[in-house]
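Biologist: Please take me through one part of this model closely. I would like to hear about a charged side chain and its surroundings, then about the charge pairs and the sheet elsewhere.

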Amino acid sequence: MEQQPHITLRELQRRVKDELENRFAQPLWVSAEISELKVNYSGHCYMELIEKGGRNGVPTAQARAMIWSSNLPRIAAAFESETGHRLAAGMQILARVLVTYHEIYGFALQITDIDPSYTLGDMERQRRETILQLQNDGVWDMNREQYMPPCAQRVAVVSSANAAGYRDFMKELNASPYRITTTLFDAFMQGASAEESIIDALCRIADRQEEFDTVVLIRGGGSVSDLNCFNAYRLCSYVAQFPLPVLTGIGHDKDISVADMVAFRMLKTPTAVAGWLVDLAAQLDGRMNLAAVSLESATRQRTHAETLRLERMVADCRRLTESRLSREQMRLSRLEETLPLLTQEFLLHRRLHLRHCEEVVDAHSPQRVLQLGYALLHAGSRALTRAADASCGDRLTITLSDGEITATVNTTKIWQKKS
């Protein structure tokens, strides 16, 4: 077989290198997202730059990039001074690059400068998009509408156990005279995993929400880039819709994060959050003391008023009793005076009545009847009231008003009743 004309791989790589470096001899401004970033022991910074496309965020382009140690301090310092952020994965940057090609390592971009204003604009754009999305979702005010007890004594804390901010928070609480119980839900508060870690802590609290009065989300100070996760839509959506009031003390002085905006209350530092909880307890304590003083005063006033009322009632009762006794004594005296007369009158009436009864009895007595010419007939022990009861030959006893007569029945005659 005839050997085909060819070149070596190295020659091909050299031609590609020459073509690229001749075609892109001048630096270019390129926009991309930092996917990975690390600084090695020699001070060189190596990055993976990507460009995402579509809704699913799948990279559509990718390239290696580096900042040599001779340029890194200048570029990093200028970027952080302008933006308040350190260069980190997830940032959109506008970089001035030289196109390079290496026979072994391939295509790469050498970064000679970065425009901080582009990154600031992109972060602000993302921040505004988060705010707008939360408002469109209708959850922007939800956490501020949660009920906060007059004294929040059961507090769930989302923080790093080793953070200075958490120690400051606990120191402030422990110095107060009030008993406020805290339960720590440990989470990463910065870095690429911070958002997911904080959301996980919030989910664990939500599973036990009946055990707590409020949630405290705290961390100490840091650069704006360290705190960028608190502008992320997913985390802020969790905070906005959380079933307990959320207090934030994220420790930054310049910018207010979106998480601060949707929380029940934003405070500057972890110490300020603890102070606010202590003030809440102190206000309740003060209201209770004021209520106790008011109750004591009202009790004294009511006791005094009731004492006066009781004294008036006693005086009225004594006066009315004396008046009633006086009236009854006068009535009794009058009764004592009239009783003999009434008794005599009663007795007189009774005597007259008895006399009348005597007259009636006397007028109807058997002796009186006998004196009128009537007589009583007895046949033995039988009293005769009809002629039919007598028989001829009966021996009769006739009782008159002045004596008795004995007689014998010779004949009887019975009268017929007229029909």
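**A buried aspartate and its surroundings**

Modeller: Setting aside neighbours within four places in sequence, Asp394 touches Asp389, Ala407, Thr408 and Val409. This is a predicted model. Asp394 sits in the loop that links strand E12 (382–384) and strand E13 (395–399). Asp394 is buried, yet has no salt bridge. The nearest side chain of opposite charge is Arg382, 4.5 Å away. A salt bridge needs a side-chain nitrogen of Lys or Arg within 4 Å of a carboxyl oxygen of Asp or Glu, so a gap of 4.5 Å does not qualify.

Now the pairs that do qualify. By this rule the count comes to 17 salt bridges. Three examples come from helix H8 (residues 270–363).

Take Glu306 and Arg302. They form a salt bridge, with the closest N and O atoms 3.1 Å apart. Both lie in helix H8, four residues apart, about one turn of the helix. Glu306 is partly exposed, at 29% relative accessible area. Arg302 is exposed, at 55%.

Next, Asp316 and Arg319. Their side chains meet in a salt bridge at 3.6 Å, N to O. Both belong to helix H8 and are three residues apart, about one turn of the helix. Asp316 is partly exposed, with a relative accessible area of 35%. Arg319 is also partly exposed, at 48%.

Then Glu328 and Arg331. This salt bridge spans 3.6 Å, N to O. The two residues are three apart in helix H8, which means about one helical turn separates them. Glu328 is partly exposed at 32%. Arg331 is partly exposed at 45%. Elsewhere, salt bridges that share partners join Glu11, Arg14, Arg15 and Asp18 into one network.

Helix H8 also leads to the sheet. The helix lies across strand E6 (154–159), E8, E9 and E10, running at about 140 degrees to E9. These strands belong to an open sheet of five, in the order E7-E6-E8-E9-E10, with parallel pairing. The edges are strand E7 (181–186) and strand E10 (265–267), each pairing on one side only. Neighbouring strands are turned by 20 degrees against each other on average, direction ignored.

Inside the sheet, look at strand E8 (residues 214–218) and strand E9 (residues 246–249). They pair in the parallel sense over four bridges. Ile218 stands opposite Gly249 in E9.

Technical notes:
Residues numbered from 1 in each chain as written. Predicted model: local features only at pLDDT ≥ 70, side-chain atom pairs only at ≥ 80, totals over all residues. Heavy atoms only, no water. Pairing = 2+ DSSP bridges. Axes fitted to C-alpha atoms, helices over the stretch in contact; angles between N-to-C directions. Contact = heavy atoms within 4.5 Å. Buried < 20%, exposed > 50% of the residue type's maximum accessible area, 1.4 Å probe, protein only. Lys, Arg positive; Asp, Glu negative; His and termini not counted.
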